[in-house]
Amino acid sequence: MLSLNEVWFVLIAVLFVGFFFLEGFDFGIGMSTQLLARNDMERRMLINSIGPFWDGNEVWLITAGGAMFAAFPNWYATMFSGFYLPFVALLLALIARGVAFEFRGKVGHSTWSKTWDMCIFFGSLLPPLLFGVAFATMLKGLPIGADMEMHAGFGDIINPYSLVAGVTTVMLCIVHGLMFAALRTTGDIRVRASVMAGKLLIPLAGLLVLLAILTSVYTDVFTVRGPILIAIAVVGVIVFILAGYFMKQKREGWAFGMTGGLIILSIASVFIGLFPRVMVSSLGAMYDLTLYNTASGHYSLKVMTIVACTLLPFVLGYQIWTYFVFHKRLHEKTHLEY
């Protein structure tokens with residue numbers, strides 16, 4: 001039976017997986033406004049395809065951060081203080097993107113629109129890039145001492161392994177977003193989104209293989225969790241092949257599910273590789289942060305579990321209802337809010 005520490009570690013992992021699955025296509029759509037759209041109408045169609053969802057999807061990240069703060073305060077303190085500058089850049093990118101969605105259509109001037117378009121593009125590019133870098137460094141190890149303080153230099157965070165992880169995360173989000181665009185739009189843009197997603201599968205495959213090789217070189221996750229991670233890798237290959245197959249068959253819903261499956265497997269692998277650690281210390285295993293030495297007291301975890309079990313069904317129900325209400329495809333005659 002799982003302890004409350006383990007339950008909350010799993011819950012936080014699920015929240016991050018849900019965030020990347022849902023917000024992943026948001027980020028992909030945001031980047032696709034510059035990669036796929038040929039005119040302002042197509043750009044608006046892409047933005048409106050995520051209009052009813054993007055802010056609700058970000059709630060998963062806020063909830064994950066809140067759960068981490070309450071359940072594992074020492075993990076939260078070490079990570080957020082150690083990654084202070086990258087996370088500030090991440091926060092500013094998310095703010096700029098959200099403001100751009102709301103402000104872009106308020107003034108009918110090309111300079112105004114182009115300025116906010118750049119905010120949407122870079123506000124969608126930076127978060128997955130920074131998250132990929134952060135997760136890779138957490139697996140690789142960071143200089144964390146006995147006081148649980150992280151004193152990371154530039155090279156500890158920015159290195160070949162973390163950069164490949166960041167670029168791979170960006171590419172995953174772009175392909176996932178293109179499939180969502182194919183699922184939510186009609187006409188020429190729907191076809192081009194599916195074709196572009198298919199073309200990007202080859203470089204994505206190369207990045208995923210390179211990332212797996214570098215992970216085996218720079219981290220110990222295949223040593224401590226080898227069998228289960230190899231099993232996940234095999235499932236990932238099958239899911240990847242199915243994604244390409246469904247794209248060729250023009251079955252966008254199944255293809256979208258497969259690209260989402262790749263994201264789920266990738267993020268789940270990070271937490272499985274870490275368990276029972278939450279951050280790896282490059283100074284020695286005795287300084288690793290674990291879900292035991294960073295956790296709140298038993299009573300706090302017990303109360304949090306009761307509250308989460310009570311409220312979670314309502315939150316999930318509301319989000320499922322939102323996707324059901326706004327499930328219809330967009331076309332050029334649809335009223336575009338953004």
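1. This predicted model holds 0 disulfides. Cys 119 takes part in none, and the nearest cysteine sulfur, in Cys 173, is 19 Å away. A disulfide is a covalent bond between the sulfur atoms of two cysteines. The cut-off for counting one is 2.5 Å between sulfurs.

2. Seen from Cys 173, the answer is no better. Its closest cysteine sulfur is that of Cys 119, and 19 Å is too far for a bond.

3. Are these cysteines buried or exposed? Cys 173 is buried, at a relative accessible area of 2%. Cys 119 has 22% relative accessibility, so it counts as partly exposed. The cut-off for buried is under 20%.

4. Now the membrane annotation. An unreviewed UniProt entry marks residues 6-37, 83-103, 115-138, 158-183, 195-218, 224-247, 254-279 and 299-326 as "transmembrane region". This label comes from the record.

5. Two of those spans can be set against the model. Residues 195-218 are 100% helix and 0% strand. The C-alpha atoms at the two ends of residues 195-218 are 35 Å apart. Residues 224-247 are 96% helix, again with 0% strand. Here the end C-alpha atoms lie 36 Å apart.

6. Helix 4 deserves a look too. It runs over residues 73-82. Which of its residues are buried? Trp 75, Thr 78, Met 79 and Gly 82 are. These four cover an arc of only 90 degrees around the axis, so they sit on the same side of helix 4.

How values were computed
Residues are numbered from 1 along each chain as its sequence is written. This is a predicted model: local features need pLDDT of at least 70, side-chain atom pairs count only at pLDDT 80 or more; totals for chains, interfaces and linings use all residues. Side-chain values use heavy atoms; hydrogens and water are left out. Buried means under 20% relative accessible area, exposed over 50%, partly exposed in between (1.4 Å probe, protein chains only). UniProt positions are given in the numbering used here, feature names are shortened, and annotations may be inferred rather than shown by experiment. The arc is that of the directions from the helix axis to the C-beta atoms.
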